[in-house]
Amino acid sequence: MGDREIEEPGAARRGMGPAIEAGEDNGLSELRRKHRADLERLTMTSQPFKTSAFFLLAIAQSSGRAWSSVLKIGSWLKIVILSIVATWGLLLFTDGPHAKHVQELLWYVRFGLWWIILGVASSIGFGSGLHTFVLYLAPHLALFTIKAVQCGRVDLKSAPYDTILLKRMPSWLDKDCLEFGPPIYQETIPFSKILQKVYLEAVLWGVGTALGELPPYFLSRAGRTVDELQDFNAPVTEGFPSLTSHRAKRWLLSHLSFSKILLLASFPNPLFDFAGMLCGKLGVPFWKFFLATLIGKAIIKVSIQMTSVITLCNNQLLDLVEKWVACVFRYVPGVASVLPSLVAKLKTTKDKFLSAHVAASASIAVKGKWNLSFALIWNTAVWLMAINFLIQIVTSTAQGYLKTQQELEISKKLSEIKLSASERSSG
C-alpha cells in the first residue's frame, strides 16, 4: 500500500506531461508561426522604416556591449592611459630642450597619418574611391626618381617625412642639383637605392589601402544571422552544392584560404570590396583576412606599383630593361621584330604618365559634361551591386535583432507554461 501511495503522485505528474506538452503546442505553435511571418515581412522593400530602426537598435546594442567591455578594463590600465595623456599634454604645451624633439615627432606623425589616410581614401569607395595613387603617390615617386637621375644621387630628402604633404611640397623639388653636392652615381643609379628612399611612404599608403578594406568586412560580419551560424554546422557534401543553400557558403569558406585572399589583394582589384564582404559574411577570422590583405596590398602590390613607376621614370633603368628584354627574347620567333615598337610604346607611356597631372587639371573644367563611357557603366554596376549587398546586410542585421527578441519572448512564454503547470500539479 505504501508503495502504491508513493507511486500515485509520480503517476499524476507523469499524467500532467501530455497536458503540458499540449499547452505548449497550442500556445507556442501559434506564436512561432507569427514570429516566422514577422521575420519574412521584415525587409527593406516591405517595411523599410521598421527594418532601419531594428538595424540601428542592433548597432546601438553592439556598441553598448563594446563600450561596457572598455569600461571593464583594469584600473591599472586606466591609470597608464591617463598618465600617457597627461605626459603628452605637458610635452606639447611647455617649452624646453624637448620642444624640438616633440616637433620632430609631430612631423613623423603627420607624415604617417597623411599617407595612411590617402591609402584609406583610395580603397574605401567600393572600387570608385579617390585615386590617391595616381594623384599623390605616383607623382611623388616619379618626381623623386627624375630628380635623383638628374642630380646623380639619392640623398635628396632632409628627413624621411620630406615628401608631398597637406599644403606642403617637398624641399628638394625646387632645389638646384649643385645644392646637394657633386653626383655620386656617374652612370645608372641602382634601383634599390631609389627604392629605399621612397619605400616608407609607399608602405604607409599600402597599409591605408588595407585598412580601407575593413568596413565592408565588418558590415558583412555584423549582418550574419543566428540561423546562418547554425546552418554552417551542417556537413559539407562532396562537389559544389546549390548556391542558394548555406552548405554552399560553408563550401566556399572551406576553400577561401589565406593564399587566395593574399592573391586577390596583391594586384589592383576594384572588386576586392566584395571579397571582403564575402569573407565577413562567411565568418573568415579577422586576422586571417586582415593579414592576407595587409601583406598583399602593403608589400606585394605596392612593390609592383613602385617598380613600374621608378622604371618608367628612370631612362637609365628603362634602357637596361630594354637591353635585358632584347637579350632574353631575341631568339624567340616573332618577338624580336616587335621589341623596338614595344619599347617605343613604353617610352610614350612614360611621357603620358609624367604629363598626366596636367591633363587631369584640364579635365576638371569640363567635368560637368556627361559622357557615356565604359568607366561610367562599370562604376554604376559596381555601386548597384554594393547597394544591393548593403541592403542585404541591413536586413540580416535587423532580422537577427528581431529573432533575438522573439527568442526572449518564447523563453518567457515557456516559463509561464511551466509555472502554471507546476501550480496545477501542486494544487
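1. A word on helix length to begin: the expected span of a helix is 1.5 Å times one less than its number of residues. Please keep in mind throughout that this is a predicted model. With that rule, the 21 residues of α6 should span 30 Å, and because its end C-alpha atoms are 29 Å apart, the two values agree.

2. Staying with α6, have a look at V198: a kink of about 50° is centred there. V198 is also one of the buried residues of this helix. The others on that list are I194, E201, A202, L204, W205, G206, G208, T209 and A210. You may like to note that a glutamate, E201, and a tryptophan, W205, are both among them.

3. L211 also belongs to α6. Is L211 buried or partly exposed? Its relative accessibility is 33%, and L211 therefore counts as partly exposed, since buried means under 20% and exposed over 50%. L211 and V120 are 91 residues apart in sequence, yet their C-alpha atoms are 6.2 Å apart in space.

4. Now to α5, which has 20 residues. From its first C-alpha to its last, α5 reaches 27 Å, close to the 28 Å expected at 1.5 Å a residue. There is a kink here as well, of about 35°, at A138 and shortly before the proline P139. Just after the helix comes G152, with a positive phi near 70°.

5. Which residues of α5 are buried? They are T132, F133, L137, A138, H140, L141, A142, F144, T145, K147, A148 and C151. So A138, where the kink lies, is on the buried list. When you look along the list, it may help to recall that an α-helix has 3.6 residues a turn, so residues three or four places apart point the same way.

6. For a bench biochemist, the cysteines may be worth a look. The count comes to one disulfide, and it joins C151 to C177 with an S to S distance of 2.0 Å. The link is left-handed, with -75° about the S-S bond. What does the pair tie together? C151 lies in helix α5 (residues 132–151) and C177 in the loop between α5 and α6 (191–211), so the bond connects parts that are 26 residues apart in sequence. C151 itself is buried, at a relative accessible area of 2%.

7. Another cysteine, C279, counts as buried too, at 2% relative accessibility. C279 is one of the buried residues of α11, along with F272, D273, F274, A275, G276, M277, G280, K281 and L282. Ten of the eleven residues of α11 are buried, so this helix is largely enclosed by the rest of the structure. α11 is followed by G283, which has a positive phi near 80°.

8. How does α11 sit against α12? Helix α11 (residues 272–282) and helix α12 (residues 286–313) pack at an angle of about 160°, with their axes 11 Å apart. That makes the two roughly antiparallel. Their crossing is right-handed.

9. Last, a small point on helix α3 (residues 75–93), where L92 is found. L92 counts as partly exposed, with a relative accessibility of 40%. L92 and Q103 are eleven residues apart in sequence, and their C-alpha atoms are 8.6 Å apart in space.

Key: Residues numbered from 1 in each chain as written. Predicted model: local features only at pLDDT ≥ 70, side-chain atom pairs only at ≥ 80, totals over all residues. Heavy atoms only, no water. Disulfide = S-S within 2.5 Å. Helix = DSSP H or I, 4+ residues; strand = E, 2+ residues; numbered from the N terminus. Buried < 20%, exposed > 50% of the residue type's maximum accessible area, 1.4 Å probe, protein only. Bend = angle between axes of the 7 residues up to and from the residue. Axes fitted to C-alpha atoms, helices over the stretch in contact; angles between N-to-C directions. Parallel < 35°, antiparallel > 145°, perpendicular 65-115°, else oblique. Left-handed = near helix turned anticlockwise from the far one by under 90°.
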